[in-house]
Amino acid sequence: MEWFRESGRKFPWRGEVGWYGVLLAEFLLVRTRSEVAERAFYELISRFPTPEALCLAGVAPVREVFKRIGLPSRAERLVATVCKVLKEHGGAIPCDYRELVRLPGVGDYIARVVLSRVCGEHVAFVDGNVLRVISRFLGFKLGLAEVAELLEKSVPKGELLNVNVALLDLGALLCKPQKTLCPLCPLSLRCFTSLRAGNVRSGVKSF
Ligand code: SF4
């Protein structure tokens, strides 16, 4: 967490953006680099500042934005989901996994993000970045669900969201798919992969 506070990425959707902002971000982040998603997020939120505005605008103008990042089909599902939350859930996103995955375009990962970030539940959301960090740290591969369960069991309540986001950033910035920057990594002294490779981060505290 010390590393994250100093070096974590700052994105507009990491503030208090409510369910609407969280959904916009997650629909944009599917198979998109965060920097590209960030530009599109600003455009969406400025053109459609509320869920009502997006629902009223309909699919066509939203698709323009998604088309520029190569995901035009996601526009339709985003608009359908936002309109459904407004019309069928009274404008409050349901804090129930089964209800969430019934929303168009909302799968396991987005449902978990919503439960964690919007509903404040002790739920982990594991993408490729988190999976990679944990697998390298432990020295063996686990599945997405296993890593989620491991995090939920091992991280204290109230800290999971921050730890989860820190792991996302660690995977994006240091523990990259093709390259690991172990000497800079706060996990290096306990990481199986780093220790096996003989990487030791000088001056780092063990924790
Ligand atoms: S020490 Fe290296 S391999 Fe281990 S988690 Fe950090 S960057 Fe990844």
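**Ligand shell and helix packing**

The shell around the ligand comprises five nonpolar, three polar and one charged residues (Ala, Val, Leu, Ile, Met, Phe, Trp, Tyr, Cys and Pro count as nonpolar, Asp, Glu, Lys and Arg as charged, and the others, Gly among them, as polar). This is a predicted model, in which local features need pLDDT of at least 70 and side-chain atom pairs count only at pLDDT 80 or more, while totals for chains, interfaces and linings use all residues. Residues are numbered from 1 along each chain as its sequence is written, and side-chain values use heavy atoms, leaving out hydrogens and water.

**Around the ligand**
- The residues around the ligand, with a heavy atom within 4 Å of it, are Arg136, Leu174, Cys175, Cys182, Cys185, Ser188, Cys191, Thr193 and Ser194.

**Helices α9 and α10**
- The axes (lines fitted to C-alpha atoms over the stretch in contact, with angles from 0 to 180 degrees between N-to-C directions) of helix α9, residues 128-138, and helix α10, residues 144-154, come within 10 Å and cross at roughly 75°.
- The two helices, α9 and α10, are therefore roughly perpendicular to each other (65 to 115 degrees).
- Val130, Leu131, Ile134 and Leu138 of α9 make the contact (heavy atoms within 4.5 Å) with Leu144, Val147, Leu150 and Leu151 of α10.
- By class, the residues of this contact of α9 with α10 are eight nonpolar, no polar and no charged.

**Helices α3 and α5**
- The axes of helix α3, residues 34-47, and helix α5, residues 59-68, come within 10 Å and cross at roughly 170°, which makes α3 roughly antiparallel to α5 (over 145 degrees).
- Here the contact is made by Ala40, Glu43, Leu44 and Arg47 of α3 and by Pro61, Val62, Glu64, Val65, Phe66 and Arg68 of α5.
- The residues of this contact of α3 with α5 divide into six nonpolar, no polar and four charged.

Conventions: Helices (H or I, at least four residues) and strands (E, at least two) are DSSP runs, numbered from the N terminus. Angles under 35 degrees count as roughly parallel, over 145 as roughly antiparallel, 65 to 115 as roughly perpendicular and the rest as oblique.
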